[in-house]
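Colleague: I should like to learn how to read the enclosed spaces and the aromatic pairs of a protein model. May we take them one after the other?

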Amino acid sequence: MNDLIRAHAGLLFAGVTTFILMGAGQALFGPVLPVYVRELSLTEGEAGLFVALLWVGCFLGVGIMYVLGARIGPRHALAAMAAGTAVMAAGPGWWLTLAGGALFGVGYGMATAVFNPRVMRAFGAKGPSMLSLLNATFGVGAIAAPLVFVWLGSDPAWTFGAVALALLAIFALAGPAGRVAAAPAGEVRAFRPHWGILAFGALAIGMEASLAGLGPSALIRAGVEEVRASQLLSAFFVVFLLARVGLIFIAHRVEPFVLYTAAIGSAALFAIGAVVLSPAVFFVAMGASAGVFFPGYYVTASGKMGEDIRVPPTIVAAGLVGAITTPLILAPVSAALGERGFFVLVAGILLGLSLAAVLSLRRMRV
């Protein structure tokens, strides 16, 4: 293992640092949103667009990798993310800020498709373990970013500027690991999407994106101070990361759709707690549930849809559809439901999704 790490040190460095900054960039969308709303007098719908366009960009990035994957390397993804965060740091106006968020998302989607298969191949039998490590480091950035944002005076320009500089540093230091294009894709064979699990995935990832992106604004509307909301988002990602780490020890022992159902059900209970008890405490608790949404969905979908080369991008794309559309719907609707309207709406959706998941347990076995 030590020999493998030494042989692929450049790839591991580029992958880990990129994933940390992917987590940081995504997590910043939540706490910067109230600042934009206040300073630019945005409506709830315009605020939701900021979160949704991150995932639109990510969807485009995944599409680029599907079509041009053999020609795309890590530095292409790093360049797109650096350019996007630099535009947001410059703050040239709301519409260009939206464009910067989308461009960051393009790099985000590309990086996901670039690094995961490379690390898997490079470490052979140890690939799954190293893949878990790579994706866990995403949580490190997501935890740190809201705290850094507060430390920098809750200033989007300074915070996004720091992320852009860090991405440029990785671009410069990645060496050969950053320049080599992706390996050519294998044979493309016909496949049949499983629409049921794809729908479950779209809804779950949509809720995850909404919690991370709209959660701080919802907490502020419920009476939490702005700085405290950023700190709570950081805590949300702490328990999110702990849940992902915990899966390493139990995921192979439990049916993946059972994990999915348990995660959705617990999130529904926590959302009810946020409505009737404490938005702050139960928002953080929902981080544990959200950390299991994607793994439970991805493994189930892979088992249902098989090994065709187009299965992974299809799984990711379905989740991104939910991540794009759900914040756009929830942002304006929840604002009309009162101080805790966001959590009321989330609780209702998750309860319905939980019931559907329970009824589908037998059909979703893999």
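Colleague: By class, how many residues in the lining of the largest cavity are nonpolar, polar and charged?

Modeller: The model is predicted, with local features requiring pLDDT of at least 70 and side-chain atom pairs pLDDT 80 or more, while totals for chains, interfaces and linings use all residues. Residues are numbered from 1 along each chain as its sequence is written, and side-chain values use heavy atoms, without hydrogens and water. A cavity is a set of points on a 1 Å grid over the protein atoms alone where a 1.4 Å probe fits but cannot get out, and lining residues have an atom within 4 Å of a point. Ala, Val, Leu, Ile, Met, Phe, Trp, Tyr, Cys and Pro count as nonpolar, Asp, Glu, Lys and Arg as charged, and the others, Gly among them, as polar. Here the lining of the largest cavity has six nonpolar, two polar and no charged residues.

Colleague: Which residues line the largest cavity, and which helices each supply at least two of them?

Modeller: The lining consists of Gln26, Phe29, Val51, Leu54, Trp55, Ala209, Ala212 and Gly213. Helices are DSSP runs (H or I, at least four residues), numbered from the N terminus. At least two lining residues come from each of helix 2 (9–40), helix 3 (44–68) and helix 9 (195–221). The space in this cavity is about 40 Å³, a volume being the space filled by probe spheres set on the points, which are joined across faces, edges and corners.

Colleague: What lines the second largest cavity?

Modeller: Asn135, Ala136, Phe138, Gly139, Phe240, Leu241 and Arg244 do so. Helix 6 (127–151) and helix 10 (226–250) each give two or more of these residues, and the largest share, four residues, is from helix 6. The classes are four nonpolar, two polar and one charged.

Colleague: How many aromatic pairs does the structure hold?

Modeller: Rings of Phe, Tyr and Trp (its six-membered ring) pair if their centres lie within 6.5 Å; planes under 30 degrees apart count as stacked, over 60 as edge-to-face and the rest as tilted. The structure holds 20 such pairs. Phe236 and Phe237 are edge-to-face because their ring centres are 5.3 Å apart and their planes stand at 85°. Phe237 also forms an edge-to-face pair with Phe240, at 5.7 Å centre to centre and 65° between the planes.

Colleague: Is Phe237 buried or exposed?

Modeller: Buried means under 20% relative accessible area, exposed over 50%, and partly exposed in between (1.4 Å probe, protein chains only). Phe237 has 3%, and therefore counts as buried. Phe240 is buried as well.

Notes
1 Å grid on protein atoms, 1.4 Å probe; cavity = no way out; pocket = protein on both sides within 12 Å on 5 of 7 lines; lining within 4 Å.
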